[in-house]
Amino acid sequence: MEENYQNRTAFIKGAKDIAKEVKRQASKKVGRTVDRLGDEYSRRSYSRFEEDDDDDYPMQGSQDGGYYRGDSQAANDDEGGHSDSTEGHDEDDEIYEGEYQGIPRADSGKASLAGGPDSVKAGAQQFRDIGVSEAERRKDQEELAQQYETILQECGHGKFQWSLYFVLGLALMADGVEIFVVGFVLPSAEKDMCLSEPNKSMLGLIVYFGMMVGAFLWGALADRIGRRQSLLISLSINSIFSFFSSFVQGYSTFLFCRLLSGVGIGGSIPIVFSYYSEFLSQEKRGEHLSWLCMFWMIGGIYASAMAWAIIPHYGWSFQMGSAYQFHSWRVFVLVCAFPSVAAIAALNAMPESPRFYLENGKHDEGWMILKEVHDTNMRAKGYPERVFSVTTIKTVKQVDELVDIGTDTPVWQRYRLKIMSLSQQIRNNILACFSPEYKRTTFMLMAVWFSMSFSYYGLTVWFPDMIKYIQKQEYESKTKVFAKERIEHFTFNFTLENQVHRQGYYFNDKFLNLKMKSMVFEDSVFEECYFEDITSTHTVFRNCTFIASLFYNTDLFKYRLVNSKLVNSTFLHNKEGCMLDFSDDFNNAYMIYFVNFLGTLAVLPGNIVSALLMDKIGRLRMLAGSSVISCVSCFLLIFGNTESGMIALLCLFGGISIASWNALDVITVELYPSDKRTTAFGFLNALCKLAAVLGISIFQSFVGITKAVPILFAAGALAAGSFLATKLPETRGQVLQ
């Protein structure tokens, strides 16, 4: 065994000596091989060990004359092709394990380059080649865009696109559900978790913060690791933490789970629209992206229906002592994770975007997927004999981002370097969105996204709050007032609700097994009274006096006794648990579900109209026109003084504004090239969620104070958005960049 070890050591030592000799010979040729950076497959993937008199790769033309690959693709098709980024070959095809990957660093080959005039010349030539390579890459992208459009037209629109439509629709449906989950469970969860008003507000906003982070993160990653893979990871995170949030008991852990759930689902919108657009031809893109938006509406309807059917049923619950409780609202949270889980299962059967593969130089993978699209559609249409005529497709010249990694580098450091490299690529992609070529477009879209989100989300949350305020005013108008009443030897064993008692006198009275809702006792005296098994909400005793009274198993703690006196009075076996004020009226909960259901359903006509007209009148007319009409509808809110009137105006606003959102989604997809599409979309969607948080916070602060300020804010934002939308370029009839 020791002899085998010695032989193995000697073999490794000999291999290292050979590698060092090959590397030394290679360094002598660096100056000459710098001029050979013409490889079409990758700008920095070049041959370091070929002979000086080798010829360049000849261009391979296509047989059908329609599509072709450049030099790199011909090289890639060579059966003996290899990647110089991981291993080197000399002219005798000897293989060695190098100590670096990718382009040598500046200190590589110092012996032959440092200090000599050739190093300056080689460096200047390299910078010139980088500029030329960028121009060639842009030219490749333009040629690929034209060819890709022609290929999609040959593939047709059929079964494959409709299958992908329903799969991605589930992911978009999960996003629609996520928006409504917290709002629906709050009326029930607030008592289980003893949530104060600030805690409830934070829980309502935390989902938007999570979605803001998720949109930015997954949108950027989708341009680097692929649309399908990024969407699978994001939906998995959403499903896992949605599942956990239905079981955790504490407020902090529930808040954390909903935050990470929002981070996961935040990637769905930027990825879904970009992913689906890359399977749609020019004449179908606007219409079918608008049809896809309907699944967000379906998600809202699903959430409203499930809340209506599940949450009010307290029979769907169990508990283990006082430490663990699983009420019906937790069942609802669990059910709301189903669309995300279904999307993950279905997405596993779908391929990656072929456009992503072609943009990253993976010709064969992209070609195979396009052939699958063609064959699937042709078989469904009854033409299985039709052959996919495309043999080669233009691929884009790549920019390697590999780093120098030694063979003895620890695994953790390798992963660290990979993450750093990926972060740098994402940073470069984001900065590219603000390059001179895209700066104006990006800033204009930022303004439109922000203005629309600020007004839309602000108003949609303000509507239900205004309805609650109107209900509260109506409730208070029915308050009964009793003054200077005297009641002796009487037993109260029925619910006391919405009453005010002033300067009353109660002697030897019993209050047994009853609920007190919105009760106020002022300047009253309770003498020798007995209170047993009392549950109260929004009840207060102000400036009252209790003489020789007993409180047994009640929640009438001293904090409900404001400026009151206790004389020889006793509290025994007080109720345990959360002692905040909550409403037990399920009619209010049903109203919340019903209002959201109607508001979500009302966008159906707007979805249909926008889908049918998107490719006929253009994206800009749809966006600006719908924004203007939405702005006008805001002023009608002045007349919403009743509950039914506010609901009708909510439906009107939602039905009109959805066309603006559809047009904005389509135009955002079409204004950016494929290698920056999800990055830009994710950044803009993150800005949208930030605007939503600001709109919700500002609009809610005016509930019960004035309606004029929120209406003016919303109308002004929509007016500004519609004006700026007209300055964007029209993308109808253009190929997908």
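**Close-up 1. Helix α6 passes helix α13 in a left-handed crossing.** This is a predicted model, like every other view here. Two packed helices are described by the angle between their axes and the distance between the axes. Here, α6 (residues 159-192) and α13 (residues 328-335) pack at about 155°, and their axes are 9 Å apart. Angles over 145 degrees count as roughly antiparallel, so that is the label α6 and α13 get. Look at who meets whom: α6 brings V181, F184, V185, S188, A189 and D192, while α13 brings W329, F332 and V333.

**Close-up 2. F241 and F244 make an aromatic pair inside helix α8.** Pairs of this kind come to a count of 50 in the model. In this one, the ring centres are 6.2 Å apart and the planes sit at 85°, so we call the pair edge-to-face. Both residues belong to α8 (residues 227-245) and are 3 residues apart, about one turn of the helix. As for F244, its relative accessibility is 39%, so F244 counts as partly exposed.

**Close-up 3. W449 and W661 link distant parts of the chain.** The planes of these two rings are at 65° and their centres 5.9 Å apart, which makes the pair edge-to-face. W449 comes from helix α18 (residues 439-476) and W661 from helix α22 (residues 643-671), with their positions 212 residues apart in the chain. Both tryptophans are buried.

**Close-up 4. A run of Phe residues and a Tyr form one aromatic cluster.** Its members are F490, F492, F494, Y506, F511, F521, F526, F531, F541, F546, F551 and F571.

**Close-up 5. Two arginines sit over tyrosine rings.** R355 has its charged end over the ring of Y148, 5.1 Å from the ring centre. In the other example, R386 lies over the face of Y383, and the distance to the ring centre is 4.1 Å.

**Close-up 6. A145 in helix α5 is in contact with R355.** You'll recognise R355 as the arginine whose charged end sits over Y148. A145 belongs to α5 (residues 117-155), and with a relative accessible area of 6% it is buried. In sequence, A145 and R355 are 210 residues apart, yet their C-alpha atoms are 9.0 Å apart in space. Setting aside neighbours within four places in sequence, A145 is also in contact with V735, L736 and Q737.

Methods:
Residues are numbered from 1 along each chain as its sequence is written. This is a predicted model: local features need pLDDT of at least 70, side-chain atom pairs count only at pLDDT 80 or more; totals for chains, interfaces and linings use all residues. Side-chain values use heavy atoms; hydrogens and water are left out. Rings of Phe, Tyr and Trp (its six-membered ring) pair if their centres lie within 6.5 Å; planes under 30 degrees apart count as stacked, over 60 as edge-to-face and the rest as tilted. Helices (H or I, at least four residues) and strands (E, at least two) are DSSP runs, numbered from the N terminus. Buried means under 20% relative accessible area, exposed over 50%, partly exposed in between (1.4 Å probe, protein chains only). A charge sits over a ring if NZ of Lys or CZ of Arg is within 6 Å of the ring centre and within 35 degrees of the ring normal. Axes are lines fitted to C-alpha atoms, for helices over the stretch in contact, and angles run from 0 to 180 degrees between N-to-C directions. Angles under 35 degrees count as roughly parallel, over 145 as roughly antiparallel, 65 to 115 as roughly perpendicular and the rest as oblique. A crossing is left-handed if the near helix is turned anticlockwise from the far one by less than a right angle, and right-handed if clockwise. Contact means heavy atoms within 4.5 Å.
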